[in-house]
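Here are some notes to read alongside the model, set out as numbered points. Please keep the sequence and the structure open while you go through them.

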Amino acid sequence: MARQDTSVPAMAQMFRILSDETRLRVLMTLQEHGELNVSELCKRLQVPQPTVSHHLGILRMGELVVNRRNGKEIFYSLNDLKDHKYARAVKSFVKPGRAIQFGTVMLGMSEG
């Protein structure tokens, strides 16, 4: 009987999180501009506030973004990811023009 790899379900969950275009755009915007509040993310992405907030919640659950409160505002930024299980894979997706390779399959994002 083959041994079950326990990292597969966690990796599948990570790919589900990264499979949404809006979430990828949020990550790339935070990578490019650093810490932003929801209003600024909405302006830059041209997406309604409830949509951005929903996707930020999913990214927070996946430990890809972190937040800090300053008064009534909440600011979001990319998680450092140095201790994240799939840090290298996640960082490859966030930087345009970068890719990672799984066997013969190349995954990543093109520039523009």
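Which elements do the buried residues of α3 pack against? The points below begin there, and it should be kept in mind throughout that this is a predicted model.

1. The buried residues of α3 pack against α2 (21-33), β1 (36-37), α4 and β3 (73-78). These buried residues are Val-38, Leu-41, Cys-42 and Leu-45. Seen down the axis of α3, they fall within an arc of 100°, so they line one face of the helix. It helps to recall that an α-helix has 3.6 residues a turn, so residues three or four places apart point the same way.

2. The two ends of α3 (38-45) also deserve a look. At its start, a side-chain oxygen of Asn-37 reaches to within 3.3 Å of the backbone nitrogen of Ser-39, while just after the helix Gln-46 takes a positive phi of about 55°.

3. Gln-46 lies in the loop between α3 and α4, and it counts as exposed because its relative accessibility is 73%, where the cut-off for that word is over 50%. Most residues other than glycine have a negative phi, and a second exception can be found at Glu-63, whose phi is positive at about 60° although it is not a glycine. Glu-63 is placed in the loop between α4 and β2 (65-70), and with a relative accessibility of 47% it counts as partly exposed.

4. Between these two loops runs helix α4 (residues 49-61), which holds His-55. Is His-55 buried or exposed? With a relative accessibility of 8%, His-55 counts as buried, because buried means under 20%. When its neighbours within four places in sequence are left aside, His-55 is in contact with Asp-20, Thr-22 and Arg-23.

5. The largest nonpolar core has 20 residues, and those that touch the most other members are Leu-30, Leu-41, Val-52, Leu-56, Leu-59, Leu-64 and Val-65. At least two residues of this core come from each of α1 (7-18), α2, α3 and α4. As a general point, nonpolar side chains in soluble globular proteins tend to be buried together.

6. Val-65 may serve as a worked example from that list. Not counting residues up to four places away in sequence, Val-65 touches Leu-27, Leu-30, Leu-56, Leu-59, Arg-60, Tyr-76, Ser-77, Leu-78 and Asn-79. Among these partners, Leu-30, Leu-56 and Leu-59 are also named with Val-65 among the core residues that touch the most other members.

Conventions
Residues are numbered from 1 along each chain as its sequence is written. This is a predicted model: local features need pLDDT of at least 70, side-chain atom pairs count only at pLDDT 80 or more; totals for chains, interfaces and linings use all residues. Side-chain values use heavy atoms; hydrogens and water are left out. Helices (H or I, at least four residues) and strands (E, at least two) are DSSP runs, numbered from the N terminus. Buried means under 20% relative accessible area, exposed over 50%, partly exposed in between (1.4 Å probe, protein chains only). Contact means heavy atoms within 4.5 Å. The arc is that of the directions from the helix axis to the C-beta atoms. A polar contact is a pair of N or O atoms within 3.5 Å; within protein, one must be able to donate a hydrogen and the other to accept it, and residues adjacent in sequence count only if both atoms are side-chain atoms. A nonpolar core is a set of buried Ala, Val, Leu, Ile, Met, Phe, Trp, Tyr and Cys residues joined through side-chain atoms within 4.5 Å.
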